[in-house]
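Reader: I should be grateful for a close look at a single part of this structure. Please begin with one element and then work outwards to its surroundings.

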Amino acid sequence: MADITSQSRSYQKSIDLFVRAAQVIPEGIYGHKNPAFLLPGACPYYAARAEGGHYWDVDGNEYVDFLCSYGPIILGHNHPEVEEAAARQAADGLCFNHPGAAMVQLAERLVALIPGMDWAVMAKNGSDVTTWAVRVAREHTGRALVVMVRGAYHGAHAWCSAYPGGVLPEERAGVLQIGWNRLDELERLVQEHRGEVAGVILTPYHHPTCSAQLMPADSFWPGVRALCDREGMVLILDDIRAGFRLGMQGSLPLIGVQPDLICHAKAMANGHPIAVALGSEALRAAAEAVFLSGTFWFTPVAMVAALTTLRILEQTDAVAHMARLGTRLGEGMQEGARAHGLRVTVSGPPALPYMTFDDDPDLYHMQVFCREMIARGVFLHPHHNWFICAAHTDADVDYALETAETAFELTRRELGG
Ligand SMILES: Cc1ncc(COP(=O)(O)O)c(C=O)c1O
């Protein structure tokens with residue numbers, strides 16, 4: 001790791017590219033990868049390459065990558081077996097008139113892997129399948145309304161986007177919101193709109209940006225399931241963020257109940273673009289009635305990458321390894337902060353941890369801390385949960401915790417403690 005520590009960092013090439021981009025691309029970089037969501041001037045904007053648990057930006061700076069491309073990288077960047085399988089498929093062709101055999105194999109694999117699921121459909125992005133799942137719930141029930149949690153992210157489409165630009169009020173009118181773990185609010189909404197609620201869409205635990213992650217209360221998921229059964233509503237699990245990081249059945253063991261529809265994407269093909277919706281037999285007719293298509297959704301390369309990623313996850317100790325390293329990272333961060341008189345909370349499952357400073361309402365402490373970590377080659381997002389991958393090592397965690405010693409001290413000084 002000596003090479004990382006000794007680098008003197010500049011982001012000039014990133015900045016130059018961004019200036020050029022601003023001329024020809026609205027916002028330069030749009031969406032959540034916009035520097036405004038990160039630390040403008042104190043982090044890279046453009047990546048050049050990646051290997052295992054590390055990546056390099058366009059200025060040649062190296063980082064331990066604890067963001068893993070916002071989740072898709074689960075085995076490590078550029079995993080040789082996944083890339084070999086994908087390249088073999090790509091050599092036979094990229095985009096055909098018909099689906100390939102891999103689509104059938106992947107659907108069979110997922111249906112066998114995930115209890116209670118009888119069919120699967122494939123798309124490219126998480127937003128494609130969450131939006132489609134909501135429509136399937138409406139089609140199945142003949143009802144208009146859907147309930148989601150305030151602050152949850154289900155994608156960039158109009159019905160759930162956190163941003164109002166270009167969205168018609170009627171596109172949002174079909175969506176009601178409750179607080180996380182607020183079974184009482186759900187009960188009240190369902191009473192108020194009796195016979196009108198098609199379904200409830202939930203992430204397995206709450207992972208909002210800019211605040212600590214919240215696990216489900218013991219009674220939450222069973223309560224939601226019971227209410228859905230009583231009122232004939234469809235229960236949709238959006239497992240796109242946590243996905244297979246928590247195990248081969250996704251987050252089902254964590255929630256402890258059986259959803260009717262499940263959405264996966266992000267990590268299932270180790271960076272290749274694919275999203276999946278799975279459903280129970282009872283929803284098959286509705287699934288057949290809601291038109292689903294995309295020019296690139298049937299391309300086999302990502303499907304082969306998904307089959308290979310799932311096989312490696314199953315055959316190795318990847319899930320346990322990510323949980324162990326995440327636990328070390330989280331516990332080490334808490335100890336490091338305490339040693340510098342700072343108080344932090346590490347929240348969420350160990351493989352997807354997030355840290356917040358106590359008494360840091362505008363996340364300024366977090367921004368200073370992450371700035372100092374990034375400046376020393378440990379890429380941590382100040383506002384979004386972090387991700388551990390199977391290629392991270394104990395040495396990566398050691399380096400992050402050593403670096404955190406310095407970053408906590410600099411944060412304490414800058415905040416005048
Ligand atoms: C829980 C969850 N659902 C849906 C999405 C949307 O996925 P995508 O960005 O691939 O459209 C995301 C993306 O971050 C997510 O975390």
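Reader: Which residues point one way from β10, which point the other way, and are they buried or exposed?

Author: The model is predicted, so local features need pLDDT of at least 70 and side-chain atom pairs count only at pLDDT 80 or more, while totals for chains, interfaces and linings use all residues. Residues are numbered from 1 along each chain as its sequence is written, and side-chain values use heavy atoms, with hydrogens and water left out.

From β10, A275, A277 and G279 point one way, V276 and L278 point the other way, and all are buried. Buried means under 20% relative accessible area, exposed over 50%, and partly exposed in between, with a 1.4 Å probe and protein chains only. In a regular strand the side chains alternate between the two faces of the sheet. Because five of the five residues of strand β10 (residues 275-279) are buried, the strand is largely enclosed by the rest of the structure. Strands (E, at least two residues) and helices (H or I, at least four) are DSSP runs, numbered from the N terminus.

Strand β10 has partners in β4 and β9; two strands pair if DSSP finds at least two bridges between them. Strand β4 (residues 119-123) runs antiparallel to β10 and is joined to it by five bridges, with A123 opposite A275. Four bridges link β10 to β9 (residues 261-264), again in the antiparallel sense, and here L278 is the bridge partner of I262.

The wider setting is an open sheet of seven strands with mixed pairing, in the order β4-β10-β9-β8-β7-β5-β6. Its edges are β4 and β6 (175-178), each with a single partner strand, so one side of each is left without a neighbour in the sheet. Neighbouring strands are turned by 20 degrees against each other on average, direction ignored; axes are lines fitted to C-alpha atoms, for helices over the stretch in contact, and angles run from 0 to 180 degrees between N-to-C directions.

Further along, strand β8 (residues 234-238) runs parallel to β9 and is joined to it by three bridges; I236 in β8 has L261 in β9 as its bridge partner. Helix α4 (residues 101-113) packs on the sheet and touches both β4 and β10, its direction making about 130 degrees with that of β4. Contact here means heavy atoms within 4.5 Å.
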